[in-house]
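Hi everyone, thanks for making time. I'd like to walk you through the surroundings of a ligand, and then take a quick look at the cavities. Here is the model on the screen.

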Amino acid sequence: MGSLPSDCFERSKFLFFIVFLVVSLNCLPIKANQCRNNSVATPRIPAYDILLSLQTLALDGYFSLEDNEHAAKDFGNIYHCPPLAILHPKAVSDISRTIKHIFETDSTSELKIAARGHGHSLQGQAQAYQGLVVNMESLEGPEMTVHGGEFPYVDVSAGELWINILHETLKHGLAPKSWTDYLHLTVGGTLSNAGINGQAFRHGPQIDNIFQLEVVTGKGDVLTCSENQNADLFYGVLGGLGQFGIITRARISLEPAPMKVKWIRVLYSEFSIFARDQEYLISLENTFDYVEGFVIINRTGILNNWRSSFNPKDPLQASQFNSDGRTFYSLEVAKYFNPDETEAMNQEVDRLLSELSYIPSTLFLSEVSYVDFQDRVHASEMKLRAKGLWEVPHPWLNLMIPRSGIHEFAHEVFEKILGETSNGPILIYPVNQSRWNNRTSLVTPEEDVFYLVAFLSSAVPFSTGKDSLDYIQRRNERIIEFCERAQLGVKQYLAHHRTQEEWEGHFGTRWQVMRRRKSEYDPLAILAPGHRIFQKPMSTTF
Ligand code: FAD
């Protein structure tokens with residue numbers, strides 16, 4: 001698609017198209033209705049007027065007005081909110097001019113804008129119902145550049161995928177310190193959430209490993225920000241769910257990259273022993289580089305499934321192990337090393353393992369390259385795609401649970417609410433937030449140690465059973481209701497709330513700061529409507 005039409009004939013065609021679009025959108029069934037919020041009226045004509053007037057802008061990129069269905073989809077595959085148009089920016093100025101134009105023309109802010117990274121959100125967070133989606137992956141900019149020295153870093157465009165950053169930085173023997181489990185996500189997408197995985201107990205989430213950002217605010221201003229420059233915006237944007245600006249560039253902290261990874265899995269049948277060992281490992285100075293874990297419910301032949309990637313330490317004992325459909329807890333750890341450190345690494349691994357209380361016959365080990373380890377989920381993606389199982393609905397639920405409540409949670413949820421079905425992997429691992437930066441917008445439980453528990457469910461389309469979207473969503477609701485009833489102090493990660501009141505509860509004492517920042521950086525509440533946090537323009541006084 002080209003840019004917006006400019007002559008009179010094209011204008012009338014465009015208006016006809018807009019009217020057609022309005023009629024069609026109003027006819028869309030149930031799923032699009034989820035995009036509307038009771039407190040938000042469907043945009044009236046001004047949104048389309050503004051879209052029309054955007055044609056006067058001189059941009060390097062372009063707007064597309066048709067064939068935009070993909071922007072009404074995400075990995076969650078539950079919300080489908082069609083935008084009116086997509087901006088494919090080439091330069092940062094394309095984004096800033098567009099936002100400035102909307103900000104200066106539309107004082108009632110009826111045209112909302114959502115930045116879209118790789119579209120791996122779960123509940124429409126990167127969508128803009130009848131608004132404008134900015135395709136961050138089309139942004140061209142200075143090439144990715146790696147800088148060495150005492151504090152090495154890489155400068156990247158916010159639409160860059162983490163997997164590309166891994167490959168580029170490895171050419172310099174360096175790599176980012178903190179990762180997500182899956183790397184086909186954009187920098188802007190994970191930095192607006194947090195970016196957490198089994199390395200976060202040591203380095204903090206990805207948002208704690210950023211030196212500098214370039215941001216386009218909701219007024220269209222392009223600002224560079226860091227700990228020492230525009231610090232309020234810097235910390236606001238990190239974990240800020242896209243509410244205060246669109247990240248266009250990031251300077252990411254690096255460290256020397258290892259070449260290899262010793263990757264280990266073991267099983268526990270008692271949750272309390274599993275949790276004790278996990279907490280012990282993250283409390284140590286000299287420990288594994290990565291600590292995660294998962295819950296295995298009602299599965300037989302667990303160890304056989306591991307054999308494609310791992311080798312049993314004791315094959316005979318392993319072959320005699322019978323999981324018998326019980327619930328198990330698997331600790332997954334990794335130690336990074338270079339080939340010349342193999343002997344010392346093996347001794348260190350043996351020492352650490354000797355302090356744990358797992359079921360001895362279930363010790364499985366593997367050695368892989370650092371790249372293969374970091375990109376491990378992509379291999380699963382390929383298998384699921386081949387079977388048509390990647391593009392199904394994903395009613396995921398991610399919770400952060402204070403250590404004091406994890407045993408009650410495990411008892412009630414793993415043993416009772418889940419029963420015998422889990423509908424997908426359940427990750428569980430603790431982190432120490434004393435090593436995290438508490439100035440970002442990310443909201444976490446109040447205790448130092450908390451667990452990340454991720455129910456990574458897939459629903460079977462058209463099913464009416466326990467694997468249906470409806471059933472899993474109701475089960476998720478029961479888990480959330482239990483957490484509230486038991487007052488465990490749980491927070492959602494990649495949070496999904498329906499009303500402003502629920503968001504107020506989520507942010508707790510930080511709500512006023514969120515409001516103040518919104519009024520300062522996006523006073524018309526133009527940005528990131530998919531979260532449904534701020535639906536109205538913000539007054540500027542607090
Ligand atoms: P999108 O879905 O495109 O956008 C996400 C949000 O960020 C939206 O609100 C969007 O408007 C906003 N946004 C996007 N780009 C920008 C920008 N440049 N500036 C400002 N706001 C922007 N998360 C973890 O923390 N750890 C994990 O291990 C992990 N594993 C995952 C595995 C899979 C298979 C999937 C699908 C997701 C996983 N996630 C994980 C969640 C993931 O981090 C988030 O869903 C993330 O937002 C996806 O990035 P994206 O580029 O697809 O963002």
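Let's start with the elements that build the shell around the ligand: β3 (113–116), α6 (187–191) and β10 (245–256) each contribute at least two residues to it. Please keep in mind as we go that this is a predicted model.

In total, 33 residues surround the ligand, and those that come nearest are Ala 115, Gly 117, Ser 121, Thr 186 and Tyr 493. If you like to think in classes, the shell has 14 nonpolar, 17 polar and two charged residues.

Now for the polar contacts. From the backbone, an N or O atom of Asp 181 sits 2.8 Å from an oxygen atom of the ligand. From the side chains, Ser 192 places a polar atom 2.8 Å from a ligand oxygen, and Asn 193 has a side-chain N or O atom 2.9 Å from an oxygen of the ligand. How much of the ligand does the protein bury? Taken alone, the ligand exposes 950 Å², and the protein buries 95% of that.

On to the cavities. Searching the whole structure turns up three of 30 Å³ or more. The largest has a volume of about 100 Å³. Its lining counts 13 residues, with Gly 239, Leu 241, Leu 442, Val 443 and His 506 nearest the centre. That lining splits into eight nonpolar, five polar and no charged residues.

The second largest cavity comes in at about 30 Å³. Among the residues lining it are Gln 243, Lys 518, Pro 529 and Phe 534. By class, this lining has six nonpolar, one polar and one charged.

Thanks, happy to chat!

How values were computed:
Residues are numbered from 1 along each chain as its sequence is written. This is a predicted model: local features need pLDDT of at least 70, side-chain atom pairs count only at pLDDT 80 or more; totals for chains, interfaces and linings use all residues. Side-chain values use heavy atoms; hydrogens and water are left out. A residue is near a molecule or strand if one of its heavy atoms lies within 4 Å of it. A polar contact is a pair of N or O atoms within 3.5 Å; within protein, one must be able to donate a hydrogen and the other to accept it, and residues adjacent in sequence count only if both atoms are side-chain atoms. Accessible areas come from the Shrake-Rupley method with a 1.4 Å probe; for residues, only the protein chains shown count as cover. Helices (H or I, at least four residues) and strands (E, at least two) are DSSP runs, numbered from the N terminus. Ala, Val, Leu, Ile, Met, Phe, Trp, Tyr, Cys and Pro count as nonpolar, Asp, Glu, Lys and Arg as charged, and the others, Gly among them, as polar. On a 1 Å grid over the protein atoms alone, a cavity is a set of points where a 1.4 Å probe fits but cannot get out, and a pocket is an open set with protein on both sides within 12 Å along at least five of seven lines; lining residues have an atom within 4 Å of a point. Grid points are joined across faces, edges and corners, and a volume is the space filled by probe spheres set on the points.
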